[in-house]
Amino acid sequence: MISRRGVLIAAGLTVLPSRAVAAAASPIVKPLPASDFIVHGTNAETRWEALRDVGSLVPVSKFFVRNHTSTPLLDGSAWRLRIFGSGVSRPLSLSLRDLRALPSCTVEAVIECAGNGRSFFTTQQGQPVPGTPWKLGAVGNARWRGVPLRELLRLAGVRESAVDVMPAGLDDEYVSGGVNHGRVRRPLPVSKALDDVLVAYEMNGVDLPADHGYPARLVVPGWVGIASIKWLGSLEVSSTPLHSPWDTDFYRLLGPSYPAAGTLVTSQVAKGAFELPWEATLTAGRQLLTGRAWAPGGVRRISVSTDGRTWRRATPVSGGGWTRWQIPWRATPGAHVLRVRVDDQPESAPFNTQGYLFGAVVKHPVTVV
């Protein structure tokens, strides 16, 4: 049951439900050892070689970080989640204790930045793009526990007229090019919100760490990471369409292959990676190549090429949307380019000006000595 204190009418509320109680010394709170991460300013990319002996779940200590500003340190006891707007009949203000008292579920889901693989537009296709130059390490798989968003919306009396849900974070306002875009927020269609979206408060069996959204975040399976708003503070439910810079100015596919207004970035694309350093040096002889493949609808087939001409089927070690795989290789001295193909991955990705959704087969260079 939700306490009477926890269920309030949101009309007239002007104070944010919670505030950062301290400023972090750096944009990311957790340690970022060079053996596990490549740091890109406010972001940290997981090194694939750091996952070689890791199971299906990526530990919090190795999970990538994507921040627009910096990680806020929030007081969980003061935190509130507001649910309000023309699309609900019973506005709510829930404490973390209220949220934890509701029926929960656990889901395993991949979170991946929309720009994961962006650098390969430049290095493989000769098409320079701005933004964080991720290789393939802006992705991770975790087990999330929380309350299905549909249950919270039903509790708030979601109306049949509702069309959009706007989750908003509690991190600092994002300023770029002299323009203040406000706090990170991006609308979800109500059909997706009522489907498989989770308001999570645990990650891999522990409270959400600060860098990954404490006290609560959205988890939107299959969609790009920007949809999974961290440090969730409010959910506006509207009977009319909602918009923010994160669906009008950012996270749209723009370029010669797209309409003039662009195409909204929603679902992710299939990818695969080797659990090897970039430009790795290997010893000649028998090698066991390992890696992971992932796709929103699950992975059906994984193929590996070590010679640039022929493909062999890799052996899956686990299943689902985040599949571990392996394949033996008789490595001969010299320079080689390894490739892994997931299902029907193309050899090139359609260009877009912001470098989103790079879904082509990646050429991974190695040297055998």
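**Cavities**

I searched this predicted model for enclosed space and found two cavities of 30 Å³ or more. For the largest cavity I noted a volume of about 270 Å³. I then listed its lining, which comprises 21 residues. Nearest the centre of the largest cavity I recorded Arg66, Arg217, Gly225, Ser228 and Lys230. Sorted by class, this lining holds 11 nonpolar, five polar and five charged residues.

I turned next to the second largest cavity, which encloses about 30 Å³ of space. Its lining consists of Leu136, Lys271, Gly272, Val340, Gln345, Phe358, Ala360, Val361 and Val362. By class I entered six nonpolar, two polar and one charged residues for the second largest cavity.

**Four-stranded sheet**

I traced an open sheet of four strands and wrote down its order as 19-21-25-24, with antiparallel pairing. Strand 19 (271–274) and strand 24 (315–316) each have a single partner strand, so they stand at the edges and one side of each lacks a neighbour in the sheet. As general background, I kept in mind that strands of a sheet pair through backbone hydrogen bonds.

I looked up the pairing of strand 21 (residues 285–294) with strand 25 (residues 322–331), and found that the two are antiparallel over 10 bridges. As one residue pair, I noted that Leu288 has Pro328 of strand 25 as its bridge partner.

**Ala331**

I examined Ala331, which lies in strand 25. Is Ala331 buried or exposed? I entered a relative accessible area of 4% for Ala331; this value is under the 20% cut-off, and Ala331 therefore counts as buried.

I then listed the contacts of Ala331, leaving aside its neighbours within four places in sequence. The partners are Thr283, Ala284, Gly285, Gln287 and Val368. Of these, I note that Gly285 and Gln287 fall within strand 21 (residues 285–294). I also checked the separation of Ala331 from Val163, 168 residues apart along the chain, and obtained 55 Å between the C-alpha atoms.

**Hairpin of strands 2 and 3**

Finally, I inspected strand 2 (residues 37–40) and strand 3 (residues 43–46), which run antiparallel and are joined by four bridges. Within this pairing, I found Ile38 opposite Glu45 of strand 3. Which residue of the hairpin takes a positive phi? I identified Gly41, with a phi near 65°, in the hairpin that has two residues between its strands.

Technical notes: Residues numbered from 1 in each chain as written. Predicted model: local features only at pLDDT ≥ 70, side-chain atom pairs only at ≥ 80, totals over all residues. Heavy atoms only, no water. Pairing = 2+ DSSP bridges. Buried < 20%, exposed > 50% of the residue type's maximum accessible area, 1.4 Å probe, protein only. Contact = heavy atoms within 4.5 Å. 1 Å grid on protein atoms, 1.4 Å probe; cavity = no way out; pocket = protein on both sides within 12 Å on 5 of 7 lines; lining within 4 Å. Points joined across faces, edges and corners; volume = space filled by probe spheres on them. Nonpolar A, V, L, I, M, F, W, Y, C, P; charged D, E, K, R; others polar.
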